[in-house]
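Student: I am new to this structure and would like a close look at a single part of it, with enough of the surroundings to see where that part belongs. Please take your time over the answer.

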Amino acid sequence: MTEALSHPEHGYYMKQDPFGTAGDFTTAPEISQVFGELIGLFCADVWQRQGASRPFSLVEFGPGRGTLMADVLRAVKIVPGFTEAAQIRLVETSPALRARQQETLAGYAVEWRNSLDALPPAPAFFIANEFFDALPAHQFERTDAGWRERLVGFDGEHLQFVLAPSATPAVQLLRPSPVAAVGDVAEIQPAAISILRHMSEHIAQYGGGALVVDYGYTGAAKGDTLQAVKNHSYHGVLSDPGDADLTVHVDFNTLRETAGEFASVDGPVDQGSFFKQLGLHERTEILCKKATAEQAAHLRSGAHRLTAPDQMGTLFKVMSVTPHNSPHPHGFA
Ligand code: SAH
């Protein structure tokens, strides 16, 4: 998964901008500007209620085209002092997407990073939309002889899944538990756990908060959720490595437990519920008053797509992390 997405020459994200109707898939910030605007106001509200300390880091992971951050920064202009105090840092490995982000965010001082190392000792607000789903997953299959890791083999012509020759002892990492039936698959994302732990430790020590939005589940483990998408449709996961997007569904139970060791966790709640509580429909109607009929129809259909249960409203979840001594953020009632 790492090679297919992030190989310097052949990785899917490294060579192209895959978003939008002409690309392979569309994400929430590309659907409605209100998505990023409300995330910006969410961060500014938490910042104010923690005492508006300055400076602070405003960090986005996997910013895609930079659309979400641009919407965040436009919306927070109404919050006195926020923009001046914010040091914008984007965690992005793809040169193609960095170039795109630079265009979108022209006029702002932005710093790019490959990973979340050495943040200054100040509060940090972390935003991650559809980022954790792109981090590599490990899969294990239950056999008569215990859990075996699923690996990708190459016979000179085709890629195929093969099981590791010996059982893995790391059963304590796995859901479901070792009583799972033969053939069951367990999936874990060590990189996701490590990045969230790093964020949560920073938040606990210096203040700030994190907002994670992604598709995923909160209940029982889902087994094998690896999927490939190309041209807006599902694709064989091993068919076109480097030319199709690869993701897994995020295991929010594990993320909640990871962050909960250090800080206070709200959610995950359904994306529809969160954004409706933050005023998505009200904000959309305000924008519609100044819009042409065509723009208004686009804004309303965007709001519907983000919130309707049969669209993105329930599959996508929102989870926040804040320090234990911080007031509870809005959106999770
Ligand atoms: N948040 C954006 C894009 C989501 S796509 C949106 O909502 O539109 C995933 C993003 O994560 C891309 O920008 C991709 O280049 C980036 N990415 C994937 N793996 C990464 C990694 N290991 N480190 C940093 N960025 C990564």
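Student: What is the order of the strands in the open sheet of three strands, and which kind of pairing does the sheet have?

Tutor: Since this is a predicted model, everything that follows describes computed geometry. The open sheet of three strands has the order β11-β10-β12, and its pairing is antiparallel. In general, the strands of a sheet pair through backbone hydrogen bonds, and they do so either parallel or antiparallel. Here β11 and β12, the latter covering residues 245-247, stand at the edges with a single partner strand each, so one side of each is left without a neighbour in the sheet. From one strand to the next, the twist averages 40 degrees.

Looking more closely at one pair within this sheet, we find that β10 and β11 run antiparallel and are joined by three bridges. One residue pair to look for is Ala228 and His235, since His235 in β11 is the bridge partner of Ala228.

The loop between these two strands deserves some care. Asn231 lies in the loop that leads from β10 (227-230) to β11 (233-235), and His232 lies in that loop between β10 and β11 as well. As a general background, most residues other than glycine have a negative phi, and most peptide bonds are trans. Asn231, although it is not a glycine, has a positive phi of about 45 degrees, and His232, also not a glycine, has a positive phi of about 65 degrees. Their surroundings can be described through accessibility: Asn231 has a relative accessibility of 53% and therefore counts as exposed, whereas His232, with a relative accessible area of 43%, is partly exposed.

It helps to set this sheet beside another one in the chain. An open sheet of four strands has the order β7-β6-β5-β8, again with antiparallel pairing. Its edges are formed by β7 (159-163) and β8, each of which has a single partner strand, so one side of each is left without a neighbour in the sheet. When direction is ignored, neighbouring strands of this sheet are turned by 35 degrees against each other on average. Strand β5 (residues 138-143) runs antiparallel to β8 and is joined to it by four bridges, and within this pair Gln139 stands opposite Glu187 of β8.

Strand β8 also lets you follow the directions of its side chains. In a regular strand, the side chains alternate between the two faces of the sheet. In β8 (residues 185-188), Val185 and Glu187 point one way while Ala186 and Ile188 point the other way, and all of these residues are buried.

The backbone has two further places to inspect, this time at prolines. Arg54 and Pro55 are joined by a cis peptide bond with an omega of about -5 degrees, and Pro55 is found in the loop between α4 (33-49) and β1 (56-61). Gly267 and Pro268 are likewise joined by a cis peptide bond, here with an omega of about 5 degrees, but Pro268 is found in strand β14, which covers residues 264-270.

Helix α4 is also the place of Ala44, and this residue, at 1% relative accessibility, counts as buried. Apart from its neighbours within four places in sequence, Ala44 is in contact with Val76, Val79 and Phe82. Of these partners, Phe82 is 38 residues away from Ala44 in sequence, yet the two are 6.9 Å apart in space, taken from C-alpha to C-alpha.

Two other helices can be viewed as a pair. The axes of α11 (residues 280-289) and α12 (residues 293-307) come within 9 Å and cross at roughly 170 degrees, and the two helices are therefore roughly antiparallel to each other. Among the residues that make the contact are Leu280, Thr284 and Leu287 of α11 together with Leu299, Ala303 and Leu306 of α12. By class, this contact of α11 with α12 has seven nonpolar, three polar and two charged residues.

Finally, the whole chain gives these parts their setting. The chain has 12 helices and 15 strands, and its C-alpha trace spans about 60 × 45 × 35 Å along its principal axes. A compact globule of 333 residues would have a radius of gyration near 20 Å, and the chain, at 20 Å, agrees with this. Buried residues make up 51% of the 333 residues. Among contacts with a separation of 6 or more, 74% are between residues 24 or more positions apart.

How values were computed:
Residues are numbered from 1 along each chain as its sequence is written. This is a predicted model: local features need pLDDT of at least 70, side-chain atom pairs count only at pLDDT 80 or more; totals for chains, interfaces and linings use all residues. Side-chain values use heavy atoms; hydrogens and water are left out. Buried means under 20% relative accessible area, exposed over 50%, partly exposed in between (1.4 Å probe, protein chains only). Axes are lines fitted to C-alpha atoms, for helices over the stretch in contact, and angles run from 0 to 180 degrees between N-to-C directions. Angles under 35 degrees count as roughly parallel, over 145 as roughly antiparallel, 65 to 115 as roughly perpendicular and the rest as oblique. Contact means heavy atoms within 4.5 Å. Ala, Val, Leu, Ile, Met, Phe, Trp, Tyr, Cys and Pro count as nonpolar, Asp, Glu, Lys and Arg as charged, and the others, Gly among them, as polar. Two strands pair if DSSP finds at least two bridges between them. The radius of gyration is taken over C-alpha atoms; the globule rule is 2.2 Å times the number of residues to the power 0.38.
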